[in-house]
Amino acid sequence: MSDTNDNPARPARGGKTLSLKKTETSTVKQSFSHGRTKAVVVEKKRTRLAPGAKADELQDKARVASGEERAEAPAQATPAPRETAPRAGVVLRQLTEEEKEARSRALADARVADEEARKRAEEEAKVRAIEDARLAKEREAAAKRKVEEDARKAAEDAARRHAEEEVTRREKKEEPAAAPKPAVAPVAAAPADAVRRRPLEEEEDEAPKKSGTKVPAKAPAAKKGEDTRRRGKLTVTRALSDDDERTRSVAAFRRHLQRVNRGAQQQAAPAGPREVTIPETITVAELANRMARRAVDVIKVLMKNGMMATANDVIDADTAELVATEYGHTVKRVAESDVLEGLKGGEDDASALVSRPPVVTVMGHVDHGKTSLLDALRKTDVVAGEAGGITQHIGAYQVQLKGGQKITFLDTPGHAAFTAMRARGAKVTDIVVLVVAADDGVMPQTVEAISHAKAAGVPIIVAVNKIDKADANPTRVKTELLQHEIQVEDMGGETLAIEVSATKGINLDKLEEAILLQAEVLDLKANPKRSAEGAVIEAKLDKGRGPVATVLVERGSLKQGDILVAGSEWGRVRLLVNDRGETVESAGPSMPVEVLGLSGAPEAGDEFVVVENEARAREVTEYRERKRREQKSAAGGRQTLDQLLKSQKDGEKRLLPLVLKADVQGSTEAIQGALAKLGTDEVAAQILQAGVGGITESDVILAHASGAAIIGFNVRANAQARDRAKRDGVEIRYYNIIYNVVDDVKAVLSGMLTPETREKFLGNAEVLEVFAISKVGKVAGCRVTDGVVRRGAKVRLIRDNVVIHEGELSTLKRFKDEVREVQSGQECGMSFANYENLQKGDVIECYEVETIQRAL
């Protein structure tokens, strides 16, 4: 290759090597509407040209600079002959029609944009001119008003000074001088002079904005004695024009403002007495807010009473009541349990009460025919639906007799469910029918049923069943009942006893008549025209229907759509189903129904009530759920056998409830007789139930309901009873020697007795001298005159045979050593705990208090 340019069409290359040249840049400032600007960096790129085209490029630049090239030149279709002529060594590219059109459109858009920008700038200039004119007018009007005000004040000052001079001359009995003619001249000249000085003052006010210096404005003339203060720097003009009176400093003016503000605060009268609602606990800030006081005021009152607290500290209701009473407010105490107030309605009017069916609970021993008897009364086959013929759950039924009367029966699995309801405070039973088989007689569960019925305080009707059997002996049954304080009418008692046969249907009508007779004696009435209240008999979670609760309405009427609260669950009643499986619209008093629509399954024995709205239902259920969680979390909070019934009121006979189970009847009777002899006028042992056999779950339920302990003599508790006792916190003690039972119960009863206190004299000491020792206090130099003085013992300070202080001896020293006691005739130093009023000649009596535990 050679460096010569053989091809004339190609541009000639220079002899220099190829390299990147530095790009020239410049900054262009773009202007937008509303006074916005933006700086843009523009790069300038040079085009490489052939040597022959250098002169043409210079000519083009000259034409552009001189304005010869116009905007319409790009629109010309025919290029200049100079540009079409081929240049030696230069290849030019012609613009296509599309590029020319695009360039034309771009130029046209640029011209339109420039025109719009120019119009907007003109409009903005007009708006600014109008605004400036308005502001100028306002400033001119303000200046005129100020000039007029200054002139008026100057005239008033001149007139006042003239009047003062006249009064002074008259007092000195001098001839009044001629009225000065310039008195009016300043009034007339003041506006002109103020107008002449106004431009200078405006320039001085505007000068600091530009130069950064501060020039104070001329203050208006103030009256003599008026509170003014100097503003800004003192200039020659202000010094010559202002009055010669001395103005107050900034500190003096600040003190004046503080006095004014303090007076305004003292004049503000506090809020008057009001009713302040105080819950169980409240913060200091909340208490101050309710009393319309500052938190610091409440803190001051607490500090006066010896309590240090901050605004966020929590105080109890008693302390809050003291603070509110201090300010003269009326206190209204509320508790968390107030949400339950008004939940149950008040007593019904006697005129609105109507008779209701009795609620009868059938109880008795296993296989004595409870369910069969109820089946005979209902004329339905319920036993066929039970597993193995044993009742698995509570059945609630309502039987309508031939005469139109109705009786509600509760068929219980033994008596456990009945006791559980009583433990939760739900007393739904009016009458207990005790079923006893004529061939078996009184059995252990029969005795337990009697105990539960007596604890519930309801009347008992004895139904001697299975009299159709050959070995039936009703008389033996009635005789055995005498041992359990059940005396039937045939033996001179008041308890009704009916001999029936469930399978043969014998004497069922007599049993019904006896129930109605007992109900008539009880005079059972209720008001059906009110919101419903009652108890939950049982509850379950049905797979298809959800939570289902069997409830017994005690008073009022339960309707579909009512909002029901049962224990810690609530819901809207969606469906009511009676014992026959029929859907009903409402359920009256003593009617058992199944309720659908609750949020969950309540516990058996929970009370239910109808409330007015859902908010009230949520409030009650949340409170009950919270209390239930607190009770579960307080495990171990139940009292032990040694602590039982210590919290009962003083002066009453304290009873120790017990449930006794033994292996044989003889042991039971012997233990009962021994425990009965331990009772005194203050304490005694109360046997709630005594039976033969192992400890069952029903025993634990009874003990839990009555707050009793269980004593097992040569018997043990089954697995269910142990689990229930552990869950309910019931204490079970096992014994095999009767004397150990008596000794333990005797020790518990002795612990329930109030102990005696006795005072024991130790000695006397005489105060010889009193010394005041720094960091210690007053120390008495004493001589023991009688007995002995011991450190830590209780002392009395006797002055002139009068006891003036009782306390404890905090320090006892002999010489410089701490000693435990000082014998008679020796000298020692003593100091009392929290007491220093000692004098020479006082007598110190030292004694001890002994607590003597009483025993049976």
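Visitor: Which residues of the largest nonpolar core touch the most other members?

Guide: In this predicted model, Val360, Leu373, Phe409, Leu511 and Ile515 do so, out of 26 residues in that core. Elements that give two or more residues to this core include strand E8 (359–364), H10, strand E10 (406–411) and H14. The largest share, five residues, comes from H14.

Visitor: What makes H10 a mostly covered helix?

Guide: Buried means under 20% relative accessible area, and eight of the nine residues of H10 are buried. Among them are Leu373, Leu374 and Leu377, and also the charged residues Lys370, Asp375 and Arg378.

Visitor: How many cavities of 30 Å³ or more does the structure hold, and what is the volume of the second largest?

Guide: The structure holds two cavities of that kind. The second largest has a volume of about 30 Å³.

Visitor: Which residues line the second largest cavity?

Guide: Its lining consists of Val362, Lys370, Leu373, Leu374, Leu377, Phe409, Val433, Leu511 and Ile515. Helix H10 (370–378) and helix H14 (508–522) each supply at least two of the lining residues. The largest share, four residues, comes from H10. Leu373, Phe409, Leu511 and Ile515 in this lining are also among the core residues that touch the most other members.

Visitor: How do you know how the lining of the second largest cavity divides into nonpolar, polar and charged residues?

Guide: Val, Leu, Ile and Phe count as nonpolar and Lys counts as charged, so each lining residue can be assigned by its type. The result is eight nonpolar, no polar and one charged.

Visitor: What makes the phi of Asn507 worth a remark?

Guide: Most residues other than glycine have a negative phi. Asn507 has a positive phi, near 60°, and is not a glycine. Asn507 is found in the loop between strand E13 (496–499) and H14.

Visitor: Why is Asn507 called partly exposed?

Guide: Its relative accessible area is 22%. The partly exposed class lies between the 20% limit for buried and the 50% limit for exposed, so Asn507 belongs there.

Visitor: Which class does Asn834 fall into, buried or exposed?

Guide: Asn834 has a relative accessible area of 81%; exposed means over 50%, so Asn834 is exposed. Asn834 also has a positive phi, of about 60°, although it is not a glycine. Asn834 is found in the loop between strand E34 (827–832) and strand E35 (843–852).

Visitor: What makes E34 mostly covered?

Guide: Five of the six residues of E34 are buried, that is, under 20% relative accessible area.

Visitor: How do you know that E34 pairs with strand E28 and with strand E31?

Guide: Two strands pair if at least two bridges are found between them. Four bridges join strand E28 (residues 777–787) to E34, and these two run antiparallel. Strand E31 (residues 802–814) and E34 also pair in the antiparallel sense, over four bridges. Both pairs therefore meet the criterion. As for single positions, Arg783 stands opposite Glu827 in E34, and the bridge partner of Thr811 is Ser831 in E34.

Visitor: What makes E18 and E19 a pair of strands?

Guide: Strand E18 (residues 563–566) and strand E19 (residues 569–577) are joined by four bridges in the antiparallel sense, against a required minimum of two. The bridge partner of Leu564 is Gly571 in E19. The hairpin of E18 and E19 has two residues between the strands, and Gly567 there takes a positive phi near 65°.

Visitor: Which other strand does E19 run antiparallel to?

Guide: Four bridges join E19 to strand E21 (residues 592–598). Val577 stands opposite Glu594 in E21.

Visitor: How do you know that the reach of helix H3 is close to the expected value?

Guide: H3 (residues 97–171) has 75 residues, and 111 Å is expected at 1.5 Å a residue. From its first C-alpha to its last, H3 reaches 110 Å, which is close to that value. In H3, Ala143, Val147, Ala151, Asp157 and Glu166 are buried.

Visitor: Why is Glu116 called partly exposed?

Guide: Glu116, in helix H3, has a relative accessible area of 43%. This value lies between the limits of 20% and 50%, so Glu116 is partly exposed. Glu116 and Ser33 are 83 residues apart in sequence and 10.0 Å apart in space, C-alpha to C-alpha.

Key. Residues are numbered from 1 along each chain as its sequence is written. This is a predicted model: local features need pLDDT of at least 70, side-chain atom pairs count only at pLDDT 80 or more; totals for chains, interfaces and linings use all residues. Side-chain values use heavy atoms; hydrogens and water are left out. The expected span of a helix is 1.5 Å times one less than its number of residues. Buried means under 20% relative accessible area, exposed over 50%, partly exposed in between (1.4 Å probe, protein chains only). On a 1 Å grid over the protein atoms alone, a cavity is a set of points where a 1.4 Å probe fits but cannot get out, and a pocket is an open set with protein on both sides within 12 Å along at least five of seven lines; lining residues have an atom within 4 Å of a point. Grid points are joined across faces, edges and corners, and a volume is the space filled by probe spheres set on the points. A nonpolar core is a set of buried Ala, Val, Leu, Ile, Met, Phe, Trp, Tyr and Cys residues joined through side-chain atoms within 4.5 Å.
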